[in-house]
Amino acid sequence: MIFSPNVRYVAASNILLLTALLAFPATAGSLIENSTLSTRIETEWGVLTKDASTQKLQLMIEPELETDVGENSRITTIVRLRMDAKDNLSPGDHSQAELREFYLDTTINDS
């Protein structure tokens, strides 16, 4: 099986940018300029030693968007996309999209 795009993966990847745009629509242009996107990609491949057959083949993509929303504030959004091309080890859903983290990190200045 080859990984094929799924509507929920497209929607989950758009969460990163839309979160910032919806939270502060008046300053959307400056938010994009003040954003940092990093992505971690991980694969797992499990092979049966008896006959070298594939037991598990998984791809995980975890983009993280950090956006400065003020002098002392930053919004962080992390999404995880997980897709199994083959999974003989655990039956069930072979694809997931989830919002892992969404938070505001801010500093309150002393007066």
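Here are legends for a few views of this predicted model.

**View 1. The whole chain, two helices and four strands.** Before zooming in, here's the overall layout: the secondary structure of the chain comes to two helices and four strands. Starting at the N terminus, the order of elements is α-α-β-β-β-β. The chain has 111 residues, and buried ones make up 27% of them. Take the contacts in the chain with a separation of 6 or more, and 52% of them turn out to link residues 24 or more positions apart. As for the outside, the accessible surface of the chain comes to about 7,600 Å², with 56% of that belonging to carbon and sulfur atoms.

**View 2. Ser73 and its polar contact with Thr106.** Here we're looking at Ser73, which sits in strand S3, a strand covering residues 73-87. Ser73 counts as buried because its relative accessibility is 18%, and the cut-off for buried is under 20%. Its side chain makes a polar contact with the side chain of Thr106, at 2.7 Å. Thr106 has company around Ser73: setting aside neighbours within four places in sequence, Ser73 is also in contact with Thr67, Asp68, Leu104 and Asp105.

**View 3. Glu64 in strand S2, alongside Leu37.** This close-up moves to Glu64, found in strand S2, which takes in residues 54-68. With a relative accessible area of 22%, Glu64 is partly exposed; the range for that label runs between the under 20% of buried and the over 50% of exposed. Glu64 and Leu37 are 27 residues apart along the chain, yet their C-alpha atoms are separated by 5.7 Å. Leu37 is one of the residues in contact with Glu64 once neighbours within four places in sequence are left aside, and Thr36 and Ser38 are on that list too. So are Thr76, Thr77 and Ile78, which rounds out the contacts of Glu64 counted this way.

**View 4. A nonpolar surface patch with Leu57 in it.** Last up is a bit of the surface: Trp45, Val47 and Leu57 make a nonpolar patch of about 310 Å². Of these, Leu57 has its place in strand S2, the strand that holds Glu64 in the previous view. Leu57 counts as partly exposed, at 34% relative accessibility. That value also lets Leu57 into the patch, because patch members need over 30% relative accessible area.

Key. Residues numbered from 1 in each chain as written. Predicted model: local features only at pLDDT ≥ 70, side-chain atom pairs only at ≥ 80, totals over all residues. Heavy atoms only, no water. Buried < 20%, exposed > 50% of the residue type's maximum accessible area, 1.4 Å probe, protein only. Polar contact = N/O pair within 3.5 Å; in protein donor to acceptor, adjacent residues only side chain to side chain. Contact = heavy atoms within 4.5 Å. Areas by Shrake-Rupley, 256 points an atom, 1.4 Å probe, with all protein chains shown as cover. Patch = residues over 30% accessible without salt bridge, like charges linked within 9 Å, V, L, I, M, F, W, Y side chains within 5 Å. Salt bridge = Lys/Arg side-chain N within 4 Å of Asp/Glu carboxyl O.
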